[in-house]
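Hi everyone, thanks for making time for this one. I'd like to walk you through a structure, so let me put it up on the screen.

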Amino acid sequence: MKTVHLTYPLSAGIIRENAGPQIAAIGQFDGVHQGHASVIGSAVRLAGEQGVPSAVMTFHPHPKDVMKKGNYEGNLTPLLEKQELLAELGVDILYVVEFSEAFSKLSPQAFVEGMLLQLGVRTAIVGFDFRFGHKGAGDANMLRQLGGGNMNVEIIPPFEREGEKVSSSSIRKALQSGELDEANRLLGRPYRLRGVVVDGDKRGKSIGFPTANLRLLDRYVVPAKGVYAVRSFIEGEWVPGVMNLGVKPTFQENVAAPSFEVHLLDFDRDIYGKQMTVDLISYIRAERKFPSIQELIAQIQADTETAEKILSPSP
C-alpha cells in the first residue's frame, strides 16, 4: 500500500503523480472497526471489479483534537496502526489529509472540486452518517450532488452487531468502562497498544514479578485502570503476559498519569529500548490498593495464574 500525505490545495506534483480513475472510501476511520471495514471493503471490491486502484482518504491529526471539541481523549488506532490495518484490508493507496484549523473552514464544494475531482476519484464510498466541509455542512447526498457527472457516490448503511450500531464512540465507552470483551467484539480484534520499554522503579522485580514499563508511542484511548491478560509482540515473537494499567495505589498516592507495566510469562531478556506491541485479550480485575505488600504479591500471583488460563491454547 502506498501512503500519500496531502495538504490543501493540492500541488501540481501530487496531482501528476496520483491522479487517475480510482475508488475512494472517505472517513476518519478511527479504530478501523467492523463498520469501517464494511465501507472500506466496498471500495476494495468495486475497485477490483473496475480494474482501478482502491483508496482510503483519512484525516490527521484527528479533527476533534484540532478543533478541541467533543470528547476526544486519544486514538483507537494511531496513524501507524491504521496504515497496517488498511494494508491488511487490501487498500492500494492511503491518502492522509493534513487536518488544520484552516482546512476545517474549507467549503464542501472546495473539498470536492479541489481534492476528490483533482485526484480523479471515480466513486466515493462513505458511511451513512458522513459529514464534511466547514461545520459539517456537507453530507453524503451533497457529496453526490457536487460530484455531478464526474463522480459517483455510494452510501453504506450502518453496520450492526446484535442490533447495535458499531461505532468508534461505543468502543471508546466500552474500553473506558472496563468492558474489554465488548470493545474487542465491536473492533473485530483485540485492542492494541504500542510503546517502547523504558526504565521503571523496579518494584515489580523486587517482589518477584519483573515488568516491562511502556512509554506509549502515540496518544491512545486509555482503557479502564486494572489488570489485563495480554499478548505482547517483542523481538519477533508473541509472548503471553499480564499487564497492570494504573497508578499503583499500594505504593503511591496523588498520581494522575497511569503507567503501563507488562509482566511477560516465562520470559527473561533485556528488552530496554525495544518496541513492544500489546494486545489486550481480557480484563481480569479493577485496580485497587492493598493493605500490605504480601497481599499484593498474593494477588499478583493469582492474576498471573488467571492470565495463564485465559491465554493457554484450547486443548
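Let's begin at a single residue, Met67, which sits in helix H3, residues 63-67. Please keep in mind throughout that this is a predicted model. Is Met67 buried, exposed or partly exposed? With a relative accessibility of 28%, Met67 counts as partly exposed, because that class lies between the 20% and 50% cut-offs. And what does Met67 touch, once we set aside its neighbours within four places in sequence? The contacts are Phe99, Glu101 and Ser104. In the same part of the chain there is Ser100, 33 residues from Met67 in sequence, with a C-alpha to C-alpha separation of 8.3 Å.

Now to the sheet. Six strands make up an open sheet with parallel pairing, and the order is E1-E4-E3-E2-E5-E8. Why do E1 and E8 each have one side without a neighbour in the sheet? Strand E1, residues 2-6, and strand E8, residues 152-156, stand at the edges, and each has a single partner strand, so one side of each stays free of a neighbour in the sheet. Going from one strand to the next, the twist averages 25°. E1 and strand E4, residues 93-98, run parallel and are joined by five bridges. If you want a register to check on screen, find Thr3, which stands opposite Leu94 in E4.

Helix H2, residues 34-50, lies across several strands of this sheet: E2 (22-26), E3 (54-60), E5 (121-127) and E8. Relative to E5, H2 runs at about 155°.

Further along the chain we get a barrel. This one is closed, has six strands in the order E11-E12-E15-E14-E13-E16, and pairs antiparallel. Here the twist averages 45° from one strand to the next. Strand E13 (residues 226-234) and strand E14 (residues 237-246) run antiparallel, with nine bridges between them. Within that pair, Val227 stands opposite Asn244 in E14. The loop between E13 and E14 holds Glu235, a non-glycine residue with a positive phi of about 50°. Glu235 has 38% relative accessibility, so it counts as partly exposed.

A second positive phi is found at Phe29, near 55°, and again the residue is not a glycine. Phe29 is in the loop between E2 and H2. Is Phe29 buried or exposed? Its relative accessibility is 5%, so Phe29 counts as buried.

Next, for those of you who check omega values, we have cis peptide bonds. One joins Tyr8 and Pro9, with omega at about 0°, and Pro9 belongs to the loop between E1 and helix H1, residues 12-18. Another runs from His60 to Pro61, with omega near 0°. Pro61 lies in the loop between E3 and H3.

Pro61 also leads us to my last topic, the cavities. How many cavities of 30 Å³ or more does a search of the whole structure find? There are two. I'll stay with the second largest, which holds about 80 Å³ of space. Its lining includes His60 and Pro61, along with Gln28, Asp30 and Lys82 among others. Two elements, E3 and helix H4 (79-88), give two or more residues to that lining, and E3 gives the most, with three. By class, the lining has four nonpolar, six polar and two charged residues.

That's my tour, and I'm happy to take questions.

How values were computed: Residues are numbered from 1 along each chain as its sequence is written. This is a predicted model: local features need pLDDT of at least 70, side-chain atom pairs count only at pLDDT 80 or more; totals for chains, interfaces and linings use all residues. Side-chain values use heavy atoms; hydrogens and water are left out. Two strands pair if DSSP finds at least two bridges between them. Helices (H or I, at least four residues) and strands (E, at least two) are DSSP runs, numbered from the N terminus. Axes are lines fitted to C-alpha atoms, for helices over the stretch in contact, and angles run from 0 to 180 degrees between N-to-C directions. Contact means heavy atoms within 4.5 Å. Buried means under 20% relative accessible area, exposed over 50%, partly exposed in between (1.4 Å probe, protein chains only). On a 1 Å grid over the protein atoms alone, a cavity is a set of points where a 1.4 Å probe fits but cannot get out, and a pocket is an open set with protein on both sides within 12 Å along at least five of seven lines; lining residues have an atom within 4 Å of a point. Grid points are joined across faces, edges and corners, and a volume is the space filled by probe spheres set on the points. Ala, Val, Leu, Ile, Met, Phe, Trp, Tyr, Cys and Pro count as nonpolar, Asp, Glu, Lys and Arg as charged, and the others, Gly among them, as polar.
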